Amino acid sequence: MHIAVVGLSHRTAPVEIRERLSIAEQAIEDSLQRLRSSDEVLEASILSTCNRLEIYTLLRHPEQGVSAVGSFLSDHSGLELDQLTPHLFTYHHEDAVAHLMRVAAGLDSLVLGEGQILSQVKKMYRLGQEHRSIGPILNRLLNQAVSTGKRVRSETNLGTGAVSISSAAVELAQLKVGQARGVDDLVPLDQEQIAVVGAGRMARLLLQHLQAKGARGVVLLNRTLERAEQMAADFPGLPVQCRPLTELDHCLSTCSLVFTSTGAEEPIITVERLEKLNRRSSLMLVDIGVPRNISAGVGDLGGVNSYDVDDLQEVVARNQEARREIAAEAEGMLRQEGRDFLDWWDGLEAVPIANRLRTQLEVIREQELQKALSRMGPDLSARERKVVEALTKGIINKILHTPVTNLRAPQTRQQRHQAMKVLQDLFELHDSQD
């Protein structure tokens, strides 16, 4: 068995590729079933966010298993493998475990130390359990990744003041508004007419950061007006006007700054839509949805500036340096957590050998016990028979305790395999399939 992760992220693929690979939550179950339909994939879980798609697997054979995952990604995206492969990364065994730990801790995020990724790893874990696509190995690994992410955030200052994708989007808007005024710095947004499209987690964070950055009011648009109103009620200090999504054209005509963060599979703001409008001012669009909510080419229209998640790097770079030293501290924790998991997993290799040894000794114990009882004759009471049987079982357990404990103790794989071979040879424990 072999652990591997195959995926792509903001580091390896542009947003136009990432959106082709994005898997909505309602499609996760079907995707997991398709992955598990391969004989090579024993366990599988999927992490799909705006900046990454990663498939964690327990494979029967490394090469064939990774090939099966690649075929799934090609079918899902509609991209040929030769188009897709340059954007994919693949990590095996120790590297796969280390990568997941870094992801859960926020060390592989566009925004170093972001907190949202941990909740997304938790969701991956929950969906894997709900859809029964993970077994004991990935269950243990994902659980440890979640606890590691929590530990890093509680024992270091990595998450303190760490910006999210949403706050980076707000800072990007501040920077671009400032540059339009001739100032290469973040400026307040108090003069902007602002709209937020969507009422999910990212939109909530947008409202939170817009309030902190001086916005005087926001128009919140959503397909379900009631959901928008419920969200607005959580921001009593920020005037929020809730509107149905049908009023999007009006907002695009009157607002100067529009953020989009919806789960739509197709762009909701297109060149054709904007061309039909009689806009009153210049328009800045900031899209943090993946798949994108704003189609390519919109930024080519006169008076329109359009940005997506790949454009956030400009402001993210300003915030990274202060947390790099803290991140180095977190890396030490991650290495230890990774070793702990691998020691546990490597110890499982000894289980079949230990079980065969126990079975062999149990057969001998039972045979010798019956011989002894037959020699003692019928005068032996039932209680005395139980005492003798318990004695023989105790002896076997004592004999097994030290070798089994040593087999499963932390050690190099080579040392463990040598010890297992010695036991196999001495006690002739070779399985019929070996």
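**Pocket lining, surface patch and backbone features**

In this predicted model, the residues that line the largest pocket comprise 19 nonpolar, 16 polar and eight charged residues. The lining is formed by 43 residues in total, and Lys123, Met202, Thr262, Gly263 and Val290 are those that lie nearest the centre of the pocket. Two or more lining residues are contributed by each of the elements β2 (41–48), α6 (116–130), α9 (201–212) and β6 (218–222). Helix α6 provides the largest share, with seven residues. The volume of the largest pocket is about 1200 Å³.

Val290, one of the residues nearest the pocket centre, also takes part in a cis peptide bond, which links it to proline 291 with omega near 5°. Proline 291 is placed in the loop between β9 (283–287) and β10 (304–307).

On the surface, Leu391, Ile395 and Ile399 make a nonpolar patch of about 290 Å². Of these residues, leucine 391 belongs to helix α15 (residues 382–408). Leucine 391 is classed as exposed because its relative accessible area, 52%, is over 50%.

Positive phi values occur at two residues other than glycine, arginine 132 and glutamate 428. For arginine 132, phi is near 55°, and the residue is situated in the loop between α6 and α7 (136–155). Its relative accessible area of 74% places arginine 132 among exposed residues. For glutamate 428, phi is near 50°; this residue lies in the segment that follows α16 (413–427). Glutamate 428 is likewise exposed, with a relative accessible area of 67%.

Terms used: Residues numbered from 1 in each chain as written. Predicted model: local features only at pLDDT ≥ 70, side-chain atom pairs only at ≥ 80, totals over all residues. Heavy atoms only, no water. 1 Å grid on protein atoms, 1.4 Å probe; cavity = no way out; pocket = protein on both sides within 12 Å on 5 of 7 lines; lining within 4 Å. Points joined across faces, edges and corners; volume = space filled by probe spheres on them. Helix = DSSP H or I, 4+ residues; strand = E, 2+ residues; numbered from the N terminus. Nonpolar A, V, L, I, M, F, W, Y, C, P; charged D, E, K, R; others polar. Patch = residues over 30% accessible without salt bridge, like charges linked within 9 Å, V, L, I, M, F, W, Y side chains within 5 Å. Areas by Shrake-Rupley, 256 points an atom, 1.4 Å probe, with all protein chains shown as cover. Salt bridge = Lys/Arg side-chain N within 4 Å of Asp/Glu carboxyl O. Buried < 20%, exposed > 50% of the residue type's maximum accessible area, 1.4 Å probe, protein only.
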